[in-house]
Structures are given as C-alpha cells and as structure tokens.
Amino acid sequence: MAYSESERKDHVLPPQEPGKQGQVKKVINKNIFGGTSPVYFKFNNGKWEPAKRSEYLQSSPNIVNYKVMPDLGFKGANAAANYRYPDDIAVGFDTDYVMFEFYKYNPPFQGINKGATKDGSSAVRAYNQSVEDAKFYEADRRGLGPVILYMPEDISTGYKANWSGKAFSNIGRDMLSAAGSDDINEMAQNSLTALGTATNQMIPNAMNSLIRKTISKITGESVSQNDLFSATRGVILNPNVELLFQGTDLRNLQLNYKLVPRNSTEAEKIKNIIDVFRKSMLPSFAKNGDIRFSEGTNLANNFIQVPNVCKLTFMRGGDRNPDVAQYKMCAITNVEVNYTPDGTYATYGDGTMVAYGLSLSFQETKLVFAEEVDRY
C-alpha cells in the first residue's frame, strides 16, 4: 500500500499550472524536517495524479533507450530477492548508479598458482590474481544478492603515498654509497672513504660514549651524542637526511545514503538492503567443512568465518562508469544506520521509519599501482 499524505508527515502540492494529457512532471518536495525529495505527477483526465519515477524518466527527452532495471534476485529460494533503491529505479544508457555484489572471502594465498602466472603474466597480474580471477570468488547464495543504489552526493577517492625523512651518519652514508656503486672501481673508492671516515671518528666517538655513560651512571641523566657535541663544541652531527619512499596505503571509501520509503513495499526493501550490508560485514561461525587443516567433532566451534567481501562498481547504463574511479574487491569496514537522519524520531502508521540514513565504509583489499590507473 502507498503511504498517505498524513502518514508521510510532509505536504506535497501538485503543479498548479494545467498540463497536457499524459505529461509527467517532477516536483521537489520539502518535508517538515528540512529534507527534500522528488515527487512525480502525471496529468490525466484534466488533473494531476501521483506518478512513478519510472514514468517520468520514460517521458523525459534526455533519457535514450530507457529501460527499467530487472530484478536481480537469485533463483530458487531467493528468486523473490530484489535489492534496489529507489524501488522503481530506471536506467538508460546515460544513467549513473552504484552496484554492490557480495562474495565469500577467499584467502589471498590459497589456491594461487604462481607457476602459471610468473612467466605469462606481469607482476601486477600475479599480485591481483586472488581478487580478479573468477574461480577465487563465489557469490554468496544466502539471499545476499546484488544491491543497486543511486549515486550518492559525495563521491571522492584518494591515493596516499608514504614518504619519510631518514637521517644517516657520515659512516652510514659512505657505506651506502659503496653499496650503491655501479662498478667495482667506484665501490672500492667509496669503501675506502667509508673506512677513512670510520677511523677518523673512532676516537671522538669512543670518548663521547665514555662521557655519556659516566654521566648516566652518576646522575641518571640521558645525554645524547648530539647533546654532548652541542654543549662542548657548538656543533652536531650532520644528519644527512634523505626522503625515502615507504609504500602506499590501501584506499578507503565512504558512501552515505538517505533512504526514504514511499510505500510499504519500498520500506520492506530498504530494511532488506540494510540487512544485506550488516550480514555481509559480520563474521559467522565456521562449519566443519570450512576447516581444512584438521578434523574434530567440535573443532569448528574454535573458529569463526571471515566476513564477505564486496565488489562495488560505479555504473553507467550497463557498463562501468569511465568517469569515476573504480575499486578492486573491498572489505566492508563499517555499516552505520541512522534512524533519525532528519534529527527527529518519526514513523509511519506501521512503525516504519520516515527515513533511514545508511553510511557505508569500505577498504580495498589490494594496492593500486601506476600500471592500473586507467582501470582504478
């Protein structure tokens, strides 16, 4: 059933001007909590009547080759599964949306055939094998079907490289110069330089070490080598600082949604969508068949199963959106449900919330390399 105007707790006025038979218009509705949402009306028999979003999109001249997304449920027991919001989401070739697919976690080093990849594939291909090869990921068949949601308002991605400064002593610098020499002559020369530097600093370093140990034993004070040089000679050791690359971080992504049910059917589907994300991010108890390294009647009670992983894809029509950064397989790190996204507790007559806030956080399971920028 559709929620009545009084149940929605907001005031929706149809267009005031007359329309043409069959014309569909969109009206931006503002509720009492300050939120907004589009409402659609169709001009029929001389008056404006409530309409579906799909009717509006179908009548819009900007939508080419319009089609309504089919149900994405599994066959058999889950054939009725339908996880999408809005419920009447419609997709043309230029429509953007987000698809979430859920898979059972596969250990990254289980079943990897390095012999088959080291010769015929690049190092990047071998690294990504456990998240790209279909054989490593099995779709979760517990009713956790694919979810389709609209494009949220705030989408961004970041790539973080970690660099840090490292100080080297003169001896360390000379030794590293010797190790990095390109030919035997340079290596020999740099090695002799390092040996000479070490010899020249041996006596003052030994004296400094003795003085610092003596002060520490008598007074308990901690005096560094630079403290001693600075206090007695007005100098410190040349730090020989170099900026060195330490690696990159796994990317994180957060998507925020506001889900507003317009009828009881859509309310039920919103609850199902929330449950899909919650179930996918939480571990489950392991079964005896999941334990491959040992056997025992109660062995499975000692372990829990790693949660599902999620493949989220920014889509345009039936293909990946080329204008938005894509992600490799991701772990769901946080699912936050806000039952009062407008700041006030309000429900429909059947107890369903007027709106739900859904915040999803993900972390990529693999690093992204320069060779993959065109894909991710």
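Helices and strands are runs of residues assigned by DSSP and numbered from the N terminus, a helix having at least four residues and a strand at least two.

**Figure 1. Overview of the predicted model.** The structure shown is a predicted model. The protein has nine helices and 17 strands. Of its 376 residues, 35% are buried. Among contacts with a separation of 6 or more, 68% are between residues 24 or more positions apart. The accessible surface comes to about 22400 Å², and carbon and sulfur atoms account for 53% of that area.

**Figure 2. The aromatic pair Y339 and Y356.** A search of the whole structure gives eight aromatic pairs. In the pair of Y339 and Y356, the ring centres are 5.9 Å apart and the planes stand at 70°, so the pair is edge-to-face. Y339 is in the loop between β16 (330–338) and β17 (356–364), while Y356 is in strand β17, and the two are 17 residues apart. Y339 is partly exposed at 38% relative accessibility, whereas Y356 is buried at 5%. A pair of aromatic rings is described by the distance of the centres and the angle of the planes.

**Figure 3. An aromatic cluster and two charges over rings.** One aromatic cluster is formed by F100, F102, F277 and F362. Elsewhere in the view, charged side chains are shown with rings. R251 lies over the face of Y327, at 4.2 Å from the ring centre. K328 lies over the face of Y376, and here the value is 5.5 Å from the ring centre.

**Figure 4. The salt bridge between R316 and D96.** Side chains of opposite charge can pair when their charged atoms come close. The structure holds ten salt bridges. One of them joins the side chains of R316 and D96, with 2.9 Å from N to O. R316 belongs to strand β14 (residues 309–316) and D96 to strand β7 (residues 96–103), so this pair links distant parts of the chain, 220 residues apart. Both residues are partly exposed: R316 has a relative accessible area of 25%, and D96 has 29%.

**Figure 5. Salt bridges of E266 and K328.** The side chains of E266 and R262 meet in a salt bridge, 2.6 Å from N to O. E266 is buried, at 1% relative accessibility, while R262 is partly exposed, at 27%. K328, which also lies over the face of Y376, forms a salt bridge with E372, and the closest N and O atoms are 3.0 Å apart. K328 is in the loop between β15 (319–320) and β16, and E372 is in the segment after β17, 44 residues away along the chain. Both K328 and E372 are buried. In addition, salt bridges with shared partners join D96, R316 and D323 into one network.

**Figure 6. A nonpolar surface patch.** W163, L243 and F245 form a nonpolar patch on the surface. Together these three residues have about 370 Å² of accessible area. F245 is in strand β10 (residues 242–248). The relative accessible area of F245 is 47%, so this residue counts as partly exposed.

**Figure 7. The surroundings of Q326.** Q326 is in the loop between β15 and β16. With a relative accessible area of 3%, Q326 is buried. Apart from its neighbours within four places in sequence, Q326 is in contact with R251, L312, T313, F314, R320, N321, R375 and Y376. Two of these residues appear in Figure 3: R251 lies over the face of Y327, and Y376 has K328 over its face. The C-alpha atoms of Q326 and T157 are 9.1 Å apart, although the two residues are separated by 169 residues along the chain.

**Figure 8. Backbone details in three loops.** The peptide bond from Y85 to P86 is cis, with omega near -5°. P86 is in the loop between β5 (83–85) and β6 (90–91). N45 is not a glycine, yet it has a positive phi of about 55°. N45 is in the loop between β2 (36–44) and β3 (47–51). N240 is not a glycine either, and its phi is also positive, at about 45°. N240 lies in the loop between α8 (225–233) and β10. Is each asparagine buried or exposed? N45 counts as exposed, at 66% relative accessibility, and N240 counts as buried, at 14%.

Note on methods:
Residues numbered from 1 in each chain as written. Predicted model: local features only at pLDDT ≥ 70, side-chain atom pairs only at ≥ 80, totals over all residues. Heavy atoms only, no water. Phe/Tyr/Trp six-rings, centres within 6.5 Å; stacked < 30°, edge-to-face > 60°. Buried < 20%, exposed > 50% of the residue type's maximum accessible area, 1.4 Å probe, protein only. Lys NZ or Arg CZ within 6 Å of the ring centre and 35° of its normal. Salt bridge = Lys/Arg side-chain N within 4 Å of Asp/Glu carboxyl O. Patch = residues over 30% accessible without salt bridge, like charges linked within 9 Å, V, L, I, M, F, W, Y side chains within 5 Å. Areas by Shrake-Rupley, 256 points an atom, 1.4 Å probe, with all protein chains shown as cover. Contact = heavy atoms within 4.5 Å.
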